[in-house]
Amino acid sequence: MPLTVHQFPCLSDNYGFLCRDEATGLAACVDTPEAGAILRELNKLGWKLDLILNTHWHPDHAGGNAEIVAATGCKIVGPAEVTKISVIDREVRGGDEVMLGQTRFEVIETGGHTLGHIAYFDPADRIAFVGDTLFALGCGRLFEGTAEQMWNSLQRLAALPDETTVYCAHEYTASNARFALSVDDDPALKARADQIFAARERGEPTVPTTIALEKATNPFLRAPRLAERVGAGGEPDFKAFGAVRAAKDSFKG
Ligand code: ZN
Ligand code: FE
């Protein structure tokens, strides 16, 4: 039986994710950007919350933990770094597994945005929750890790099956698209950017995305092919990635 995902906006540009293992009816909340909005959605759906799955310690990802536990009695699973702002019940790292009813999530180490960042991948349903590591046409800023660490993290996500549905934690896609067009003139990117601008005009979300779509058009995953454009010709792949990341950090678009 499959995993059902319910996505809704939180704060100014975060997404909240509730997912339910249909075999058992148990639900999980991936990150806790806004406790009030998450509890309202849970109530509306009538789902029973079993777990919070944190991807990293930032307040827009773990800041609602305490209030949601108080309201639901659920348990918290996350990387050790989350203890900076919240208690956790189970510490996990890359290679661990987390069960939600009959749904099995693999924990993937995706450090870079924060050192201990992780992603959750459900291989049976080909669903990945990637927090602030991979965005539609973007990737997380390097607040704590190095370009090499983030590049390796992104490669682990890029190695997931092409059809994997990727739930990113922010709606940053239109600004990511403007940057992407400044470093890449690939026709597939141009076509996708047009669709993104139109979707945002209509107020529609551009999340989730897929691994195939990101591999084809995301300038951070395509960094080795853009190396010359960003002044990193002949450098190792992670350096090309680092140069694209640096260009995005200073992009005024
Ligand atoms: Zn973050
Ligand atoms: Fe965030």
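How many residues of the lining of the largest cavity are nonpolar, how many polar and how many charged? That one is part of the first exercise below. Keep in mind throughout that this is a predicted model.

**Exercise 1. Describe the largest cavity and sort its lining.**

Solution.
- Start with the count: the structure holds one cavity of 30 Å³ or more.
- Next comes the volume, which is about 50 Å³ for the largest cavity.
- Now list the wall. There are 13 lining residues, and those nearest the centre are Tyr 15, Phe 17, Val 30, Asp 31 and Ala 169.
- Then map the wall onto elements: β2 (14–21), α2 (59–62) and β10 each give two or more residues to this lining. The top contributor is β2, with three residues.
- Finally, sort by type, and you get seven nonpolar, four polar and two charged residues.

**Exercise 2. Work out the iron site and decide whether its geometry is regular or irregular.**

Solution.
- Collect the donors first. The iron ion (ligand 2) is held by Asp 60 (OD), His 61 (NE2), Asp 132 (OD) and His 170 (NE2), at 2.0 to 2.3 Å.
- Read them along the chain, and the spacing comes out as D-H-x70-D-x37-H.
- Check the angles: they run from 86 to 165° among the four donor atoms. Four donors count as tetrahedral only if all angles lie between 85 and 135 degrees, and the site is classed as irregular.
- Look for a second metal. Asp 132 bridges the iron ion (ligand 2) and the zinc ion (ligand 1), and the two ions lie 3.2 Å apart.
- Place two of the donors in the fold: Asp 132 sits in the loop between β10 (127–131) and β11 (134–135), while His 170 sits in the loop between β13 (165–168) and α5 (173–183), so this pair ties together parts that are 38 residues apart in sequence.
- Last, test burial, with under 20% relative accessible area as the cut-off. Asp 132 is at 3% relative accessibility, so it counts as buried. His 170 is at 4%, so it counts as buried too.

**Exercise 3. Characterise the largest pocket.**

Solution.
- Volume first: about 210 Å³ of space lies in the largest pocket.
- Then the wall, made of 15 residues, with Phe 135, Cys 139, Gly 140, Arg 141 and Tyr 172 nearest the centre.
- For the elements, look at α5 and α9 (237–249), each of which supplies at least two residues of the lining.
- By type, the pocket lining splits into four nonpolar, six polar and five charged residues.

**Exercise 4. Lay out the two open sheets and pick a strand pair from each.**

Solution.
- Recall the principle: strands of a sheet pair through backbone hydrogen bonds, either parallel or antiparallel.
- One sheet has six strands in the order β1-β2-β3-β4-β5-β6, with mixed pairing. Its edge strands are β1 (3–10) and β6 (90–91), each pairing on one side only.
- For a parallel example from this sheet, take β3 (residues 26–30) and β4 (residues 48–53), which pair over five bridges. Within β4, Leu 53 is the bridge partner of Val 30, and Val 30 is also among the residues nearest the centre of the largest cavity.
- The other open sheet, also mixed in its pairing, has six strands ordered β7-β8-β9-β10-β13-β14. Here β7 (97–100) and β14 (209–210) are the edges, each with pairing on one side only.
- For an antiparallel example, take β7 and β8 (residues 103–109), joined over four bridges. Met 99 stands opposite Arg 104 in β8.

Conventions
Residues are numbered from 1 along each chain as its sequence is written. Chains are lettered from A and ligands numbered from 1 in the order in which they are written. This is a predicted model: local features need pLDDT of at least 70, side-chain atom pairs count only at pLDDT 80 or more; totals for chains, interfaces and linings use all residues. Side-chain values use heavy atoms; hydrogens and water are left out. Donors are N, O and S atoms within 2.8 Å of the metal (3.2 Å for Na, K and Ca); water is not among the atoms, so sites may look incomplete. Four donors count as tetrahedral if all angles lie between 85 and 135 degrees; four count as square planar and six as octahedral if opposite donors are over 155 degrees apart and all others between 65 and 115; anything else is irregular. Buried means under 20% relative accessible area, exposed over 50%, partly exposed in between (1.4 Å probe, protein chains only). On a 1 Å grid over the protein atoms alone, a cavity is a set of points where a 1.4 Å probe fits but cannot get out, and a pocket is an open set with protein on both sides within 12 Å along at least five of seven lines; lining residues have an atom within 4 Å of a point. Grid points are joined across faces, edges and corners, and a volume is the space filled by probe spheres set on the points. Ala, Val, Leu, Ile, Met, Phe, Trp, Tyr, Cys and Pro count as nonpolar, Asp, Glu, Lys and Arg as charged, and the others, Gly among them, as polar. Two strands pair if DSSP finds at least two bridges between them.
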